[in-house]
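Q: Hey, I'm new to this one. Can you walk me through it?

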Amino acid sequence: MNITVYCGAFSGNDPAFALAARELGTWIGSQGHTLIWGGGGTGLMGQVATAALAAGGEAVGVIPDFLMEVETPPAGFCNYQVTTTMPERRTRMIQLADAFVALPGGPGTLEEISEIVSLLKLGRLDKPLILANINGYFNSLAATYQDMVDQGFMPASLMERLQLADSVEQVIAALSA
C-alpha cells in the first residue's frame with residue numbers, strides 16, 4: 001500500500017509528535033508499505049521518512065525544486081519526484097496514494113488535509129483519510145468540520161469519512177481495516 005503522510009517540516013513542541021512520526025514510519029517500512037511524503041528531511045517529515053527507510057521500507061519524496069535545499073532529504077535518500085510548484089506536489093502525492101495520514105503540522109499540512117476533504121466531498125476521491133490526533137492536536141479542526149456540517153456547508157456523511165485516531169495504534173488499525 002502507498003501511504004501518503006502529511007506532516008510538519010518542523011517537529012512541534014510536543015515530543016509525542018516526533019515519537020508518533022517515528023512509530024508510523026517504522027510500521028510503514030516494516031510492513032512493506034511505501035511511504036509517500038513531502039521529500040524533506042527536517043521535522044516530522046524527516047522523522048517519518050528516516051524511520052520508514054531504517055525499517056526496510058520504500059519511500060517516495062515528492063518535492064518542489066525550490067525546496068530541495070531548504071528541506072534537505074534524509075541521508076542516502078534518492079527516490080525523488082521533483083515538481084515545479086506546490087500544487088503539482090499535492091496532485092502527485094494524491095495520485096500516488098492508496099491512503100492518507102495526517103500527523104501534526106502547520107499551514108501546509110492543513111492545506112493538504114483541506115484538499116483531500118474537498119475531493120472527498122466532491123466525489124473525486126475515494127481513499128481513507130486518517131488524522132493522527134496525537135494529544136488532541138486535531139480536535140479544533142474536527143470541531144471546525146463539524147461546524148461546517150451543523151451550518152449546512154458540508155454533508156454529515158463526510159464526517160464519517162474523516163477518521164480521527166488518537167494514537168499510532170489507531171492509525172494502524174484504520175489502515176489495516
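Q: Which helix gives the largest share of the lining of the largest pocket?
A: H4, with four residues. Helices (H or I, at least four residues) are DSSP runs numbered from the N terminus, as are strands (E, at least two). A pocket is an open set of points on a 1 Å grid over the protein atoms alone where a 1.4 Å probe fits, with protein on both sides within 12 Å along at least five of seven lines; lining residues have an atom within 4 Å of a point.

Q: Anything I should know about the model?
A: This is a predicted model: local features need pLDDT of at least 70, side-chain atom pairs count only at pLDDT 80 or more, and totals for chains, interfaces and linings use all residues. Residues are numbered from 1 along each chain as its sequence is written, and side-chain values use heavy atoms, leaving out hydrogens and water.

Q: OK, new topic. Where does Asn133 lie?
A: In the loop between strand S6 (129–132) and helix H5 (139–150).

Q: Buried or exposed?
A: Asn133 is buried, at a relative accessible area of 3% (buried is under 20%, exposed over 50%, partly exposed in between, with a 1.4 Å probe and protein chains only).

Q: And helix H1, which residues are buried there?
A: Phe17, Leu24 and Trp27 are among them.

Q: What do the buried residues of H1 pack against?
A: S1, strand S2 (34–37), H2, strand S5 (99–102) and helix H7 (168–176), where contact means heavy atoms within 4.5 Å.

Q: What follows H1?
A: Gly32, whose phi is positive, near 80°.
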